[in-house]
Amino acid sequence: MNVDDALVAAAIAARHHAWAPYSHFAVGAAVLCEDGTIVSGCNVENVTFGLTTCAEQVAILKAVSEGRRRFLKVAVSSPADPPAAPCGLCRQMMAEFADDLEVLICGTEGLSERTTLAALLPRAFRPSDLEGERG
Ligand code: THU
């Protein structure tokens, strides 16, 4: 299995762990780290709704908390038709750790579309934006 197939499979598999009793919209995500590790995540909803965390964010938070901060690709699997692209918050979280990366948008069965973070979030707010004059 090549690395893209493994990443897509990990995102699809992660959907099975989704905690989505309110939306019934199970999302899985997987990030390919620079060292070749694949870290997956699922959406975790909360009765207060605002505490809900997206699958992509869970995957990134897991990877960073394990010492992995450099990502090459991310796959996201959702039941939407056509399959859903990462939400704006997730795009911004990706931008924190990658100038650009490949985004594999998947349905529940496999890859649907390839795009990039640069295409999904042009002119991102970046750490370098904080380097100018403050106050
Ligand atoms: N969701 C994700 O996990 N990732 C996204 O990029 C968009 C939305 C989740 C959040 C919520 O649990 C459900 O999908 C419906 O919005």
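Me: What joins strand 1 and strand 2 in their hairpin, and which residue in the turn has a positive phi?
Reply: Four residues lie between the two strands. G36, in the turn, has a positive phi of about 95°. This is a predicted model; local features need pLDDT of at least 70, side-chain atom pairs need 80 or more, and totals for chains, interfaces and linings use all residues. Numbering starts from 1 along each chain as its sequence is written, and side-chain values use heavy atoms, without hydrogens or water.

Me: How do you know that strand 1 and strand 2 pair?
Reply: Pairing takes at least two DSSP bridges. Strand 1 and strand 2 have five and run antiparallel. One of the bridges sets L32 against I38 in strand 2. Strands here are DSSP runs of E, at least two residues; helices are H or I, at least four.

Me: How many bridges join strand 1 to strand 3?
Reply: Six join residues 28–33 to residues 71–77, again antiparallel. A30 stands opposite A75 there.

Me: What makes strand 2 and strand 5 edges?
Reply: The open sheet of five strands has the order 2-1-3-4-5, with mixed pairing. Strand 2 (38–42) and strand 5 (111–116) each have a single partner strand, so one side of each lacks a neighbour in the sheet. Neighbouring strands are turned by 20° against each other on average, direction ignored.

Me: Which strands does helix 1 lie across?
Reply: Helix 1 (residues 3–14) lies across strand 1, strand 2, strand 3, strand 4 (102–106) and strand 5. Helix 1 runs at about 145° to strand 1. Axes are fitted to C-alpha atoms (for helices, over the stretch in contact), with N-to-C angles from 0 to 180 degrees. Helix 2 (residues 55–65) touches strand 1, strand 2 and strand 3, at about 140° to strand 2.

Me: Why are helix 2 and helix 3 called roughly parallel?
Reply: Their angle is about 25°, with axes 9 Å apart. Roughly parallel means under 35 degrees (over 145 is roughly antiparallel, 65 to 115 roughly perpendicular, the rest oblique). The helices are therefore roughly parallel. The contact (heavy atoms within 4.5 Å) includes I60 and L61 of helix 2 and M93 and F97 of helix 3.

Me: Why is the Y22 and F49 pair called tilted?
Reply: Rings of Phe, Tyr and Trp (its six-membered ring) pair with centres within 6.5 Å; planes under 30 degrees apart are stacked, over 60 edge-to-face, the rest tilted. The centres of Y22 and F49 are 5.6 Å apart and the planes at 50°, so the pair is tilted. The count comes to two aromatic pairs.
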